[in-house]
Amino acid sequence: MNLPAYEIITKIAELKSLSRTAEYFSYTPSRISQILKAAEEELGVPLFRREKSGLIPTMECTVLLPALRELLNSEKCFQEQLSRLKNVEAGVVRIGSFTSLSCHWLPQRLRDFGDRYPQIQFELKLGSTPQIADWTRSGVVDLGLTADPGAPDLDFIQLMEDDFVAVLPEGHALAGRRTASFQDLAEENFIFLAPEDNQAVEELLRREGFQPRVRYRVRDDYTVMALVECRLGISILPRLVLNRSPYHIAALELTPPCVRRTGIILPKNGRVPPATRRLVEFWLKTGGE
C-alpha cells in the first residue's frame with residue numbers, strides 16, 4: 001500500500017462513509033471502494049464492516065489505525081520540513097476545538113496568522129474536551145483548543161481563563177443582580193449539555209457539592225440559551241459562549257468565582273509538524289490576544 005491509501009483508510013474510519021470520503025478527496029465512491037478493496041487484499045484482513053451507523057472499523061483495522069496515522073504524521077512532518085528548507089511557508093494544520101472557541105476566539109487569530117503565512121491551510125474539527133483530547137493523542141488532529149483535560153500524556157499550554165456564569169431569562173427574579181451563589185439557584189430547574197459534553201460544569205458542581213435539578217439535556221450551547229430564553233430553566237455556561245448572543249438572557253457571576261483554564265493541547269511525544277509548531281509559537285508570541 002502507498003501513503004494515499006493509508007490516508008483514505010484513516011479518513012473512512014473517521015467519516016464512516018465511502019461517499020463522504022470520496023467527496024473529501026474529490027474522488028468517485030467507486031474509486032474509493034476500489035482502493036479499499038485493494039488494500040484489504042494486500043493486507044489480507046478485512047478493514048471495515050457495514051452497520052446502520054455506517055462503515056465501522058474491524059478489530060484488525062482498529063489495531064492498525066494508530067500505526068497508519070503515525071506514518072501519515074511522519075510523512076507530513078517530512079514534507080513540511082522539506083518545504084521549510086526550500087523557504088516555502090506551507091502546510092496543513094488540523095485543529096480540534098469546541099464551539100465557543102471556534103466561533104468567538106479562533107477566527108480573528110486564524111486571520112492574523114493567515115495574513116503572515118497565507119499558504120498554510122487549516123482543517124477544523126469540532127467536539128467536546130474528551131473527544132479533542134482523544135483526537136490529539138491519536139493524531140486525528142495536530143493540536144487541540146480546549147479546556148485543560150488534565151491528561152498526563154498531553155501537554156497543555158494555557159491561553160486564557162474563562163469564568164462560568166449563571167444564565168437566566170430576562171425578567172427572572174434574580175436577573176437584576178450581579179452575582180448568584182449556588183444556594184440562590186437551589187430551587188431552579190436546570191438545562192445542561194449531555195454529560196459527556198458538559199464535563200467542566202459537572203466537575204464544578206461536584207467540587208461545590210451542588211446537586212442541580214436537571215430538567216433538560218441538549219446537544220449544543222445555543223439550544224441551551226434558547227430554552228433558557230423561553231423560561232424552561234436556567235443554566236451554567238462559560239462566559240465566552242455568550243459573546244454576540246442574540247438571546248434575551250441575563251448572566252450573573254457565580255460566587256465563589258469559578259473559572260476554566262483554556263488553551264492548546266499537544267501530544268507529549270513532541271512530534272509536532274512545523275506548520276503546527278509555527279502556529280503555536282505565533283499564538284504564544286502574541287499572547288493569544
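## Close-up views of a predicted model

**View 1. Leu106 is placed in helix 6 (residues 106-116).** The model shown here and in the other views is predicted. The relative accessible area of Leu106 is 1%, and because the cut-off for buried is under 20%, Leu106 counts as buried. Apart from residues up to four places away in sequence, Leu106 touches Leu101, Leu124, Leu145 and Trp283. One of these partners, Leu145, is 39 residues from Leu106 along the chain, and the two C-alpha atoms are separated by 9.0 Å.

**View 2. Ser100 and its contacts are seen from helix 5 (residues 99-104).** Ser100 is buried, with a relative accessibility of 2%. When neighbours within four places in sequence are set aside, the residues in contact with Ser100 are Trp105, Leu240, Val241 and Arg260. Of these, Arg260 belongs to strand 12 (259-267).

**View 3. Helix 3 covers residues 29-43.** The helix has 15 residues, and at 1.5 Å a residue it should span 21 Å. The end C-alpha atoms of helix 3 are 21 Å apart, so expectation and model agree. Ile32, Ile35, Leu36 and Ala39 are the buried residues in this helix. Viewed down the helix axis, the buried residues of helix 3 fall within an arc of 95°, so they line one face. An α-helix has 3.6 residues a turn, so residues three or four places apart point the same way. The face of helix 3 turned away from the buried side carries Lys37 and Glu41, both exposed.

**View 4. The buried residues of helix 3 pack against three elements: helix 1 (3-15), helix 2 (18-25) and strand 1 (48-51).** Among the buried residues of helix 3 are Ile32 and Leu36. After helix 3 comes Gly44, with a positive phi near 80°.

**View 5. Two loop residues other than glycine, Lys16 and Ser26, have positive phi.** Lys16 is in the loop between helix 1 and helix 2, and its phi is near 60°. Lys16 is partly exposed, with a relative accessible area of 35%. Ser26 occupies the loop between helix 2 and helix 3, and the phi of Ser26 is also near 60°. The relative accessibility of Ser26 is 67%; because exposed means over 50%, Ser26 counts as exposed.

**View 6. Strand 1 and strand 2 (residues 54-57) form a hairpin.** Two residues lie between the strands. The pairing of strand 1 with strand 2 is antiparallel and runs over four bridges. Within this pairing, Glu51 stands opposite Gly54 of strand 2.

**View 7. A cis peptide bond joins Thr255 and Pro256.** Omega of this bond is about -5°. Pro256 is located in the loop between strand 11 (249-255) and strand 12 (259-267). Thr255 falls at the end of the residue range of strand 11.

**View 8. Cys61 and Cys103 are shown with their surroundings.** Cys61 is buried, with a relative accessible area of 1%. Cys103 has a relative accessible area of 32% and is partly exposed. The structure holds zero disulfides.

**View 9. The whole chain is included for orientation.** The chain contains ten helices and twelve strands. The C-alpha trace spans about 65 × 45 × 35 Å along its principal axes. Of the 289 residues, 47% count as buried. Among contacts in the chain with a separation of 6 or more, 71% are between residues 24 or more positions apart. The accessible surface of the chain comes to about 15000 Å², and carbon and sulfur atoms account for 50% of this surface.

Terms used: Residues numbered from 1 in each chain as written. Predicted model: local features only at pLDDT ≥ 70, side-chain atom pairs only at ≥ 80, totals over all residues. Heavy atoms only, no water. Expected span 1.5 Å × (residues − 1). Buried < 20%, exposed > 50% of the residue type's maximum accessible area, 1.4 Å probe, protein only. Arc of directions from axis to C-beta. Contact = heavy atoms within 4.5 Å. Disulfide = S-S within 2.5 Å. Areas by Shrake-Rupley, 256 points an atom, 1.4 Å probe, with all protein chains shown as cover. Pairing = 2+ DSSP bridges.
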